[in-house]
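The following exercises concern a surface patch, a pocket and the cysteines of one protein chain. Please work through each task before reading its solution.

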Amino acid sequence: MNAFIDMIRSRASIRAFTDEPLTEEMIQVLIDAALGAPNGGNAQPWHFVFCTDKEKLQHLEDVQVAAIKASGNERMIALQEARNWKILFNAPLVVWICTRNGANGVDAGIAGESMTLAAQSMGLGSCFIGGASAVFRGEEADEWKKYFCIPEGYEVHCGLSVGHPNMTNAPHPLDYSKITRI
């Protein structure tokens, strides 16, 4: 196989990052990957917020951890305990992937995947973070949207943590039962 296919097959979610910041060149590559992603009819129904503000990210994580602890949801509590109560995994960059209100999230997912592969190609790790985006749908959603500069008329589809890996992880096993060939 070629190097690109090998990269896809070796990609795994990374849930621990070093403190090393990303270079401006790395961030620009991720921006270009997001904006260059395929999308239906070139409608580009997205907006991306690239956040490197550690204080803002830590504040969000603190609020989310407190909410999970207070929720009584045993499954989520066990999951977060296993992850040492890390949601953003100390990532030096979190990208909030937003879509216009009411837009299909497929294009956002494709853009996210483009960024994960771009990150992988630069020796970086990444992890989609769906749970952390819950604050953008809760009672204080408008305040959180302002806090992270989410434009009016957009909703946060998901987040993507990106940074220099501080762990190794194997790709998830391929479940061929999920494939039907006709």
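**Exercise 1.** State which residues make the nonpolar surface patch of about 390 Å², and determine whether Leu-174 is buried or exposed.

*Solution.* In this predicted model, the nonpolar patch is made by Leu-174, Tyr-176 and Ile-179. Next, locate Leu-174: this residue lies in the segment after β4 (154-163). Finally, consider its accessibility. Exposed means over 50% relative accessible area; Leu-174 has 59% relative accessibility and therefore counts as exposed.

**Exercise 2.** Describe the largest pocket by its volume, the residues closest to its centre and the elements that line it.

*Solution.* The largest pocket holds about 290 Å³ of space. Its lining consists of 20 residues, of which Met-76, Gln-80, Ile-87, Gly-131 and Ala-132 are the closest to the centre. Turning to the elements, at least two lining residues each come from α3 (54-71), α4 (74-82) and β3 (125-129). The largest share, four residues, is supplied by α3.

**Exercise 3.** Count the disulfides, and explain why Cys-51 does not form one.

*Solution.* Begin with the principle: a disulfide is a covalent bond between the sulfur atoms of two cysteines. The cut-off for such a pair is 2.5 Å. For Cys-51, the closest cysteine sulfur belongs to Cys-149 and is 8.6 Å away, so the two are too far apart for a bond. Cys-98 is likewise in no disulfide, the nearest cysteine sulfur being that of Cys-158, at 9.1 Å. The count is zero disulfides. As for accessibility, Cys-51 counts as buried at 6%, and Cys-98 is buried with a relative accessible area of 0%.

Key:
Residues are numbered from 1 along each chain as its sequence is written. This is a predicted model: local features need pLDDT of at least 70, side-chain atom pairs count only at pLDDT 80 or more; totals for chains, interfaces and linings use all residues. Side-chain values use heavy atoms; hydrogens and water are left out. Buried means under 20% relative accessible area, exposed over 50%, partly exposed in between (1.4 Å probe, protein chains only). Patches are made of residues with over 30% relative accessible area and no salt bridge: like charges are joined within 9 Å, nonpolar side chains (Val, Leu, Ile, Met, Phe, Trp, Tyr) within 5 Å. Accessible areas come from the Shrake-Rupley method with a 1.4 Å probe; for residues, only the protein chains shown count as cover. A salt bridge is a side-chain nitrogen of Lys or Arg within 4 Å of a carboxyl oxygen of Asp or Glu. On a 1 Å grid over the protein atoms alone, a cavity is a set of points where a 1.4 Å probe fits but cannot get out, and a pocket is an open set with protein on both sides within 12 Å along at least five of seven lines; lining residues have an atom within 4 Å of a point. Grid points are joined across faces, edges and corners, and a volume is the space filled by probe spheres set on the points.
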